[in-house]
Amino acid sequence: MPEVYVHAVKGRTQEQKRALVKDITDAVVKNFNAPADAVVVSIIETEATSKAKGGVLFSEMSAPPVAKAS
C-alpha cells in the first residue's frame, strides 16, 4: 500500500486539499501500477508560527507562505 505524506502550512481550502489528494493518487496509480483504493495520502498541516525556512518563521516572512483561494 503506497503512502504519501504532504507537509504544509495551514490555510488551504477543503477543495484545494481534495484536488491535491486526487492528483497525487492518480500519479501513484499511474507510476506504481497500484489500485487507487490502496493509495493513502496524508496532509500534515502546521501553523505558520511553527514552521520556518532559512531560519525565519513563516509567520514572520514578508510574503505569506500560503496563497489563499478566492
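This briefing walks through the fold, the helix, the core and the salt bridges of the structure above. It is a predicted model, in which local features need pLDDT of at least 70 and side-chain atom pairs count only at pLDDT 80 or more, while totals for chains, interfaces and linings use all residues. Residues are numbered from 1 along each chain as its sequence is written, and side-chain values use heavy atoms, with hydrogens and water left out. The protein has one helix and four strands, arranged along the sequence as β-α-β-β-β. Here helices (H or I, at least four residues) and strands (E, at least two) are DSSP runs, numbered from the N terminus.

**The protein as a whole**

- Of the 70 residues in the protein, 21% are buried; buried means under 20% relative accessible area, exposed over 50%, and partly exposed in between (1.4 Å probe, protein chains only).
- About 5100 Å² of the protein is exposed, and carbon and sulfur atoms supply 54% of it; such areas come from the Shrake-Rupley method with a 1.4 Å probe, and for residues only the protein chains shown count as cover.
- Among contacts (heavy atoms within 4.5 Å) between residues at least 6 apart in sequence, 64% join residues at least 24 apart.

**Helix α1**

- With 19 residues, α1 reaches 26 Å from its first C-alpha to its last, close to the 27 Å expected at 1.5 Å a residue; the expected span is 1.5 Å times one less than the number of residues.
- K17, I24, T25 and V28 are the buried residues of α1.
- These buried residues fall within an arc of 100° seen down the axis of α1, so they line one face of the helix; the arc is that of the directions from the helix axis to the C-beta atoms.
- That buried set packs against β1 (3-9) and β2 (40-46), whereas the face of α1 turned away from the buried side carries the exposed residues E15, R18, D23 and K30.
- N33 follows α1 and sits in the loop between α1 and β2; its phi is near 55°, a positive value in a residue other than glycine.
- N33 counts as exposed because its relative accessibility is 71%.

**T25 and the core**

- T25, in helix α1 (residues 14-32), counts as buried because its relative accessibility is 14%.
- Apart from neighbours within four places in sequence, T25 is in contact with A36, V39 and V41.
- With the same neighbours set aside, V28 is in contact with P2, V4, N33, A34 and V39.
- The largest nonpolar core is made up of five residues, V6, I24, V28, V39 and V41; such a core is a set of buried Ala, Val, Leu, Ile, Met, Phe, Trp, Tyr and Cys residues joined through side-chain atoms within 4.5 Å.

**Salt bridges**

- The structure holds three salt bridges, each a side-chain nitrogen of Lys or Arg within 4 Å of a carboxyl oxygen of Asp or Glu.
- One joins E47 and K10 (3.0 Å, N to O), linking the loop between β2 and β3 (52-53) with the loop between β1 and α1, 37 residues apart.
- Another pairs E45 with K17, the closest N and O atoms being 3.2 Å apart; E45 lies in strand β2 and K17 in helix α1, so this pair ties together parts 28 residues apart in sequence.
- D26 and K22 also form a salt bridge, their closest N and O atoms being 2.8 Å apart; these two are separated by about one helical turn because they are four residues apart in helix α1.
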